[in-house]
Amino acid sequence: MTVDALTDVAGIRVGHATRDGAGRLTGTTVVLAPEGGAVAAVDVRGGGPGTKETDALDPRNVVRGIDAVVLTGGSAYGLDAATGVMAWLEEQGRGVPVGADPAHVVPVVPAACVFDLGRGGDFRARPDAALGRAAVEAAAATGPGAPVAEGCVGAGTGAAAGLLKGGVGSASAVLGSGITVAALVVVNAAGSVLDPETGVLYGELFQGRVSYPAREAHEAARRRLAESAATHAPPPLNTTLAVVATDAVLSKAQAQKVAGTAHDGIARAVRPVHLLHDGDTVFALATGARPLDAADPLALNEVLAAGADLVTRAIVRAVRAARGVAGPGGAWPSYEELYGPRRETS
């Protein structure tokens, strides 16, 4: 049984820690790798990224696997959350051995942040090591294949998608080969996720299963968005983060190709994307449970295509799961608050 989330890749766990209220609107999400780690790579396309330990994932470098990935609010300040994750992993004896004593390890925990400073009203409210620890403990406490909370949780708590509320979304698929591919995203985009002429989400247009809002509903939504825009300036620094995971056996170079291709999934759902004030970053993880078909030199292609498709679908789910917020830091209505829930068409 699958839950249509990143945790459908066996061994992967996800935990959120959220801070909201009293001027706070931020949080941290941790993707915890299986015991023994996972092969990992990263591709950064945004011109203003905030990251930690991403150089270690370069295929030319010595690190072979990672123990966790941290996605966090708080801009560069929020990268402190990774310290709490590292401390917890060290206590579990997880990391790269660096001495004769088994307790002497250095966990490999790459991280990336989104800009949500001041979204709750307090510019100094941001994730720290304690919140990172809470997120990794939440991940460790989940069972195998546990559902992943979506919307305004974890790193998506203070996220915005243009003038709409952003958040966390996830999706998965089992390919014809039996390989599982899944994605988790944090949508905090400077660009728009919806077509300004119709109100349809770009990602749903790509999926080909949409119902167009009535003109009256779209005009009402446009007025509401204009009113919201008048209460706060457009977010100056934004980012869409993603983790694409698979149970396939991949090299670091192959994982890097997966991360790079997955950016296509962002470009289908957010316009414009990868600008100088974006920090768009995609991590790819491979747990190595299922080998690719050795007789097919193009066997990786189905993983590449699925990764991009799932990122698009996860972005749609993030935006639809988000709930609107209004407070001292500004007002961001949710998509479904404006347009209602999705109505499937065949």
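1. Gly169 stands opposite Val185 in strand S12. This pair belongs to the S11–S12 ladder of a predicted model. Strand S11 covers residues 167-174, and strand S12 covers residues 180-188. The two run antiparallel and are paired over eight bridges. They make a hairpin, with five residues between the strands. Gly178 sits in that turn and has a positive phi of about 95 degrees. In general, strands of a sheet pair through backbone hydrogen bonds, either parallel or antiparallel.

2. How enclosed is S11 by the rest of the structure? Six of its eight residues are buried, so the strand is largely enclosed.

3. Now the open sheet. Five strands build it, in the order S1-S2-S5-S8-S4, and the pairing is mixed. Strand S1 (13-21) and strand S4 (51-52) are the edges. Each has a single partner strand, so one side of each lacks a neighbour in the sheet.

4. Within that order, S5 is followed by S8. Strand S5 (residues 68-72) and strand S8 (residues 111-113) run parallel, joined by three bridges. Thr72 has Cys113 in S8 as its bridge partner.

5. Ser75 deserves a look at its backbone. Ser75 lies in the loop between S5 and helix H1 (81-91). Its phi is positive, about 50 degrees, although Ser75 is not a glycine. Is Ser75 buried or exposed? It is buried, with a relative accessible area of 18%. The cut-off for buried is under 20%, so the value of 18% for Ser75 falls on the buried side.

6. Asp4 is another residue to check. Asp4 is found in the segment before S1. Its phi is near 55 degrees, a positive value in a residue other than glycine. Asp4 has 21% relative accessibility and counts as partly exposed.

7. Next, the long-range neighbours of Ala138. Ala138 is placed in helix H2 (residues 129-141). Leaving out residues up to four places away in sequence, Ala138 touches Gly15 and His16. Strand S1 spans 13-21, so these contacts of Ala138 fall on S1 residues. Ala138 is partly exposed, at 27% relative accessibility. Ala138 and Ala155 are 17 residues apart in sequence, and their C-alpha atoms are 14 Å apart in space.

8. Ser228 is a buried case. Ser228 belongs to helix H4 (residues 215-231). Its relative accessible area is 4%, and it counts as buried. Beyond residues up to four places away in sequence, Ser228 touches Ala331 and Pro333.

9. Helix H5 runs over residues 252-269, with 18 residues. From first C-alpha to last, H5 reaches 27 Å. That is close to the 26 Å expected at 1.5 Å a residue. The buried residues of H5 include Lys252, His263, Thr261 and Ala269. Val258, Gly260 and Ile266 are also among them. What covers the buried residues of H5? The cover includes strand S3 (39-44), H3, strand S13 (239-248), strand S14 (281-290) and H6.

10. The loop after H5 has a cis peptide bond. The bond joins Arg271 and Pro272, with omega about -15 degrees. Pro272 is found in the loop between H5 and S14.

11. Last, the interior space. In general, rolling a probe the size of a water molecule over the atoms shows where empty space is left. How many cavities of 30 Å³ or more does the structure hold? It holds one. The largest cavity has a volume of about 30 Å³.

12. Which residues line the largest cavity? They are Val193, Leu201, Tyr202, Gly203, Ala269, Ile315, Val316 and Val319. Helix H3 (202-207) and helix H6 (301-321) each supply at least two residues of this lining. H6 gives the most, with three residues. By class, the lining has seven nonpolar residues, one polar and no charged. Ala269 appears in this lining and also among the buried residues of H5. H3 and H6, both suppliers of the lining, are also part of what covers the buried residues of H5.

Definitions and conventions. Residues numbered from 1 in each chain as written. Predicted model: local features only at pLDDT ≥ 70, side-chain atom pairs only at ≥ 80, totals over all residues. Heavy atoms only, no water. 1 Å grid on protein atoms, 1.4 Å probe; cavity = no way out; pocket = protein on both sides within 12 Å on 5 of 7 lines; lining within 4 Å. Points joined across faces, edges and corners; volume = space filled by probe spheres on them. Helix = DSSP H or I, 4+ residues; strand = E, 2+ residues; numbered from the N terminus. Nonpolar A, V, L, I, M, F, W, Y, C, P; charged D, E, K, R; others polar. Expected span 1.5 Å × (residues − 1). Buried < 20%, exposed > 50% of the residue type's maximum accessible area, 1.4 Å probe, protein only. Contact = heavy atoms within 4.5 Å. Pairing = 2+ DSSP bridges.
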